[in-house]
Amino acid sequence: MARGKLGWAAWVAGWSFKLGFAAVALLLPLSGVWIASSLAAHHDGPLWASLVAGALCFPVLPLAWDLVAGWRRSRAGAPRPRVLTGFDRLLLRTLAVNVVFVGGLLAVFPASTYEALSTRGDWMLRGSQASWANSTRSTLFGVAERMQWLHEATHENAYEDLIDPSLTQTKDGTAPEAGRTLDRTTPSTPAVSPDDLLRADGWPFAPTLHPLVASMPSEAETSIESVARYIVDNEADPVQRVKALHDYVASRVAYDVPALEADRFPPQDAAAVFSRGTAVCAGYAALLAALGDAAGIEIVVVVGDARDSDGLFDGRGHAWNAINIDGKWFLVDATWDAGHVSGSGFVEDYDAGYFMTPPEVFVASHMPDDPKWQLLPAALSHGDFLRQPHLRPSFAALGLELVEPRRARHDVRQGDQLTLNFTNPNGFALSGSVRSTDDGDSSHRRCKTNQERTTMVCTFDDPGRRLIALFGPEGAFLGQIYVDVQ
């Protein structure tokens, strides 16, 4: 009786192992097709190629391998009986072929696999919002989220090593508490122009330099300490004092484009940046932190990832700041408020859009390595960060909110339409146009906006990757959404 129980236990264990092994061997080809097709969708490649590759990996190549092996055995003459069954051999060959296939994909596309799965991993659902599609989408993106290690292993923040680690730590080590969040209540009196929404005590601030910075005497700019002392002595308001520090960095430091292009960075410590007057983001952030220290204001450096200027994630690292004002923390990016890179040069173009920006607006373009510096009640996952539309701070500053769609990229068929719905409490002018992502193609088609300026309908006549460019009053660019037209 005991032997019988052990025999049954061994039989069950053996078949459990075999079934588990079979599940892995069959899931691996599906994973390979998913990765390959998501990469194709992400890079505008041919989807058919990934499907053909999947068919080769299972069952074509494993079966061909087994047939060739059988033919060779028959030619050898009177071969010994095979130890493995045909089913076992097929599983092992399928596993071997697909380990090479999936491993090859990860080796060739290590930097973009996670991004492709997180943004285009649901391409086969074609934007369906049926309950089964949403459940499938949630599962696919959940699996993609578990592959974030691939992103972390292949994306190094080039600026992290340029920053003194002590600048990234708070003084008391406690979790930061966010300052004022964005108020989305309907105004009792709608604003007539965007300027009516600008404030002096909070975001959105007017894009004008603080008077102390605009007219600072040369003798006050002899050192970091002298600048901080001048601002502290002449500005009592805590918010305006911090704005003056931010404005000083944004207006006195030019972005070091040659260093960026050469990927070789001179020292980015505060003293070097103050003396040189040029820096990359690490230097901007370090100088602002040093000015804060000299002024008795706690300012830390935050490192993480940021979206590229085209609204798509390119994996490049970034650095910015968080500022403590009366126990509440606010997010600041003096680099992006200083201007922008154009070709091989830097264009000074001061703004205050990234000064004390509400966390829910800031996270549209900045993803800190440490989730606590999102300053959100519930941290946004890295996948959700990649999938969200890239809207500029000016979009939220106008009181606008994109209700739907909530994705950075969408799939439509040629001739179909995509509808965008907004909240627009102030009734500001809002327009959009469908454009090609090809720099050489200047053609575009205007979207239709309803009278209330809360709905926009865009039609897609030509196949390929397109974008919907959004504009506000006086043609101000507000952001874009990408659309893949089949």
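**Close-up 1. The disulfide between Cys 447 and Cys 458 is right-handed, with 110 degrees about the S-S bond.** This is a predicted model, and in it the two sulfurs sit 2.1 Å from each other. The count for the structure comes to 1 disulfide. The link ties distant parts of the chain together: Cys 447 is in the loop between strands S15 (444-446) and S16 (448-449), while Cys 458, 11 residues away, belongs to strand S17 (residues 455-459). Both Cys 447 and Cys 458 are buried.

**Close-up 2. Two other cysteines, Cys 57 and Cys 281, are buried as well.** Cys 57 has a relative accessibility of 6%, so it falls under the 20% cut-off for buried. Cys 281 counts as buried because its relative accessible area is just 1%.

**Close-up 3. Helix H8 (residues 224-234) packs against helix H9 (residues 238-252) at about 145 degrees.** Their axes are 9 Å apart, and the crossing is right-handed. On the H8 side, look for Val 227, Ile 231 and Val 232; H9 brings Arg 241, Ala 244, Leu 245 and Tyr 248. Sorted by class, that makes 6 nonpolar residues and 1 charged one, with no polar residues in the contact.

**Close-up 4. Strand S12 (residues 409-412) runs parallel to strand S19 (residues 477-485).** The two strands are joined by 4 bridges; one of the pairings to pick out is His 410 of S12 with Val 483 of S19. Side chains alternate along S12: Arg 409 and Asp 411 point one way, His 410 and Val 412 the other. Charged or not, all four of these residues are buried.

How values were computed. Residues are numbered from 1 along each chain as its sequence is written. This is a predicted model: local features need pLDDT of at least 70, side-chain atom pairs count only at pLDDT 80 or more; totals for chains, interfaces and linings use all residues. Side-chain values use heavy atoms; hydrogens and water are left out. Axes are lines fitted to C-alpha atoms, for helices over the stretch in contact, and angles run from 0 to 180 degrees between N-to-C directions. A crossing is left-handed if the near helix is turned anticlockwise from the far one by less than a right angle, and right-handed if clockwise. Contact means heavy atoms within 4.5 Å. Ala, Val, Leu, Ile, Met, Phe, Trp, Tyr, Cys and Pro count as nonpolar, Asp, Glu, Lys and Arg as charged, and the others, Gly among them, as polar. Buried means under 20% relative accessible area, exposed over 50%, partly exposed in between (1.4 Å probe, protein chains only). Two strands pair if DSSP finds at least two bridges between them. A disulfide is a pair of cysteine sulfur atoms within 2.5 Å.
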